[in-house]
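Okay, thanks for squeezing me in before coffee. I'd like to walk you through one structure, residue by residue, and stop where the contacts get interesting.

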Amino acid sequence: MSQAAHAVHRTVPSPAGRIHLVEQGVGPLVLLVHGFPESWYSWRHQLPALAAAGYRAAAVDVRGYGRSSRPAATDAYRMLHLVEDAAAVVHALGERTAAIVGHDWGANIAATSALLRPDVFRAVGLLGVPYTPRGGPRPSEVFTGMGGDEEFYVSRFQEPGRVEAEIEPDVRGWLGGFYAAFAGDTMPAADAPDPHFADRGGTLRDRFPDGPRPAWLGAEDLDFYAGEFERTGTGGALARYRNMDRDWEDLAAFDGAPLTQPSLFIGGALDASTVWLAGAIEAYPTTLPGLVSSHILEGCGHWIQQERPAEVNDILTGWLASVPS
């Protein structure tokens, strides 16, 4: 964590109860939102870079993670509540507006926050997961139909207790395998069984690579992530997947809605989210009419800001410089 040595930890009130965040720098606020299975720590390389560029960067633990509150009810993790948390953090930090940047699930949170609260979020950056407007069939029906004889990982995540039972006996080992499975330098070869799926009756871990850690994931980094989830459990983090149908219902009024704020997209060329959702990226002239820049990083997997911190920092600061404060 040396790169965030001058960062400050704090907790602020939110509808969840409290949100823990780490902030660094002075200037226009940039809210950083992580995905699964991560924490504020996934932005450890961006905090000092954004601070040096003249921004106040704040990386949150999303509700259910780290030191933030972990409500017991599954439906407490629906997207509407996460948007409320994001807006509450901005106001608790004494600001009226912020740019919001998210990765993985954080990209969905960032996009929906910008969609529902344009009064608060003046710009939106998406890493890994392209913006796809609400629409189509019920999500659980889509995921159930994927994979044929195999089972898509999201379907497994939606069943309470099932994946927790796989993770809990060896949190550090499971996390290390999960990170390696989707990192550009350690993911399985194209002709190997896809780790996004599992054999029925098997486990997700059966398909994780059994080799070295990704280059970006030092032993101390894995220790940090494992320590957080060993302390909190994974139920709050996995609850996000268990609200996808609720989100689909809650956001019906925004079916097909574009994001109009100045926006940014960064994808990894080897990330399934970028490959599978190529059509969403092609639709950006319609769905992201305020798009300032879009980047696909060659050889990069899913963990974009950790795999390619220098490139991401340059892209982020260049984009933010073009966005009115």
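Let's start with F36. Skipping anything up to four places away in sequence, F36 touches Y65, D104, W105, F157, W174, F178, A237, L238, Y241 and W303. Before I go on, please keep in mind that this is a predicted model.

So is F36 buried or exposed? It's buried, at a relative accessible area of 2%. It also belongs to the largest nonpolar core, which has 99 residues. Within that core, the members that touch the most others are L31, F36, F157 and W174. Two of those, F157 and W174, were in the contact list I just read out for F36.

Now the rings. Searching the whole structure turns up 28 aromatic pairs. One of them is F36 with Y241: the ring centres are 5.5 Å apart and the planes sit at 85°, so we call that edge-to-face. Where do the two partners come from? F36 is in the loop between β3 (29–33) and α1 (46–52), while Y241 is in the loop between α9 (235–238) and α10 (244–250), so this pair ties together parts that are 205 residues apart in sequence. Y241 is buried too, with 4% relative accessibility.

There's another edge-to-face pair I like, Y65 with F229, at 5.9 Å centre to centre and 70° between the planes. This one also links distant parts of the chain, 164 residues apart. Y65 sits in the loop between β4 (56–60) and α2 (79–92), and F229 is in helix α8, residues 219–232. Y65 is buried at a relative accessible area of 6%, and F229 is buried at 3%. And remember, Y65 is also among the contacts of F36.

Next up is D104, another F36 contact. You'll find D104 in the loop between β5 (98–103) and α3 (105–116). D104 is buried yet has no salt bridge. How far away is the nearest side chain of opposite charge? That's R240, 9.5 Å away, and a salt bridge would need the nitrogen within 4 Å of a carboxyl oxygen.

What does the D104 side chain reach instead? It gets to the backbone nitrogen of F36 at 2.9 Å. It also has a polar contact of 2.7 Å with the side chain of H302. Leaving out neighbours within four places in sequence, the full contact list for D104 is G35, F36, L127, V129 and H302.

As for R240, its salt bridge is with D247, where the closest N and O atoms are 2.7 Å apart. Both ends are covered: R240 counts as buried at 5% relative accessibility, and D247 counts as buried at 8%. Elsewhere, R10, E23, R56 and E95 are joined into one network by salt bridges that share partners.

How many salt bridges does the structure hold? The count is 20. Another one is R156 with E151, at 2.8 Å from N to O. R156 is buried with a relative accessible area of 3%, and E151 is buried with 10%.

Compare that with D170 and R205, whose closest N and O atoms are 3.0 Å apart in their salt bridge. D170 is in the loop between α6 (162–167) and α7 (171–181), and R205 is in the loop between β8 (197–199) and α8, so the pair ties together parts 35 residues apart in sequence. Here D170 is partly exposed, at 32% relative accessibility, and R205 is partly exposed, also with 32%.

That brings us to α7 itself. This helix is mostly covered, with nine of its eleven residues buried. W174 and F178 are among the buried ones, and those two are also contacts of F36. What does the covering? The elements over the buried residues of α7 include α5 (153–157), α6 and α8.

Last stop, G236, in helix α9. G236 counts as buried, at 15% relative accessibility. Not counting residues up to four places away in sequence, G236 touches G64 and Y77. The C-alpha atoms of G236 and T74 are separated by 7.8 Å, even though the two residues are 162 apart along the chain.

That's my tour. Happy to go back to any of these on the screen.

Definitions and conventions:
Residues numbered from 1 in each chain as written. Predicted model: local features only at pLDDT ≥ 70, side-chain atom pairs only at ≥ 80, totals over all residues. Heavy atoms only, no water. Helix = DSSP H or I, 4+ residues; strand = E, 2+ residues; numbered from the N terminus. Buried < 20%, exposed > 50% of the residue type's maximum accessible area, 1.4 Å probe, protein only. Lys, Arg positive; Asp, Glu negative; His and termini not counted. Polar contact = N/O pair within 3.5 Å; in protein donor to acceptor, adjacent residues only side chain to side chain. Contact = heavy atoms within 4.5 Å. Core = buried A, V, L, I, M, F, W, Y, C linked by side-chain atoms within 4.5 Å. Phe/Tyr/Trp six-rings, centres within 6.5 Å; stacked < 30°, edge-to-face > 60°.
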